[in-house]
Amino acid sequence: MGFSIDFSKLRKRLNDMDKKASEAIIDKALEAGAEVLIDSLKKNINNLATDTGELRDSIGVTKKYGSGLERKLRIAPKTSKKEVHDRAYYTNYGTRHIAGRHWKQKSIDETRDEINRRIKEVVEEEIFKVW
């Protein structure tokens, strides 16, 4: 699942700010964008087929990593159950017998503009709070 945002326009402003403040802004912006994507992923999982709801309910931010403008987060099932991870993989990519539904990319494509808008809003709000 790939989605990237170019934070280069903010690089100068954020470099001038306190490091902790800029990382907090980036985290808050990423979380706002992730919220939009997670909602879409859950909606598209619901549309797949009859499910226990376990996959849908487990989708969330599982890891934050990197620093500064290279900060990233991972959205995946937040469970240790292999069956749930397998279901996510096979419903998305398919098998040699079942066509993939590509619900991850569909969610990204549907929400790309909304994610960018939410991230931009949060960054603007937070930067104006600091200044």
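Good morning. I begin with L30: setting aside neighbours within four places in sequence, this residue contacts R71, K72 and L73. Please bear in mind that the model before you is predicted.

L30 lies in helix α2. Its relative accessibility is 14%, and L30 therefore counts as buried, the cut-off being under 20%. There is also a long-range relationship to point out. L30 and R118 are 88 residues apart along the chain, yet their C-alpha atoms are separated by 9.1 Å.

I turn next to S40, which is likewise placed in helix α2. Is S40 buried or exposed? With a relative accessible area of 6%, S40 is buried. Once neighbours within four places in sequence are left aside, the contacts of S40 are S107, E110 and T111.

Let me now move to the largest nonpolar core, which has 22 residues. Which of its members touch the most other members? They are L37, L41, L55, I59, I75, W103 and V123. Helices α2 (19-46), α4 (82-93) and α5 (103-130) each contribute at least two residues to this core. The largest share comes from α2, which provides nine residues. As a general remark, nonpolar side chains in soluble globular proteins tend to be buried together.

Finally, I would draw your attention to L55, one of the core members just listed. Apart from neighbours within four places in sequence, L55 is in contact with I45, P77, V84, R87, A88, T91 and W103. Of these partners, W103 also appears among the core residues that touch the most other members.

Thank you for your attention.

Terms used
Residues numbered from 1 in each chain as written. Predicted model: local features only at pLDDT ≥ 70, side-chain atom pairs only at ≥ 80, totals over all residues. Heavy atoms only, no water. Core = buried A, V, L, I, M, F, W, Y, C linked by side-chain atoms within 4.5 Å. Buried < 20%, exposed > 50% of the residue type's maximum accessible area, 1.4 Å probe, protein only. Helix = DSSP H or I, 4+ residues; strand = E, 2+ residues; numbered from the N terminus. Contact = heavy atoms within 4.5 Å.
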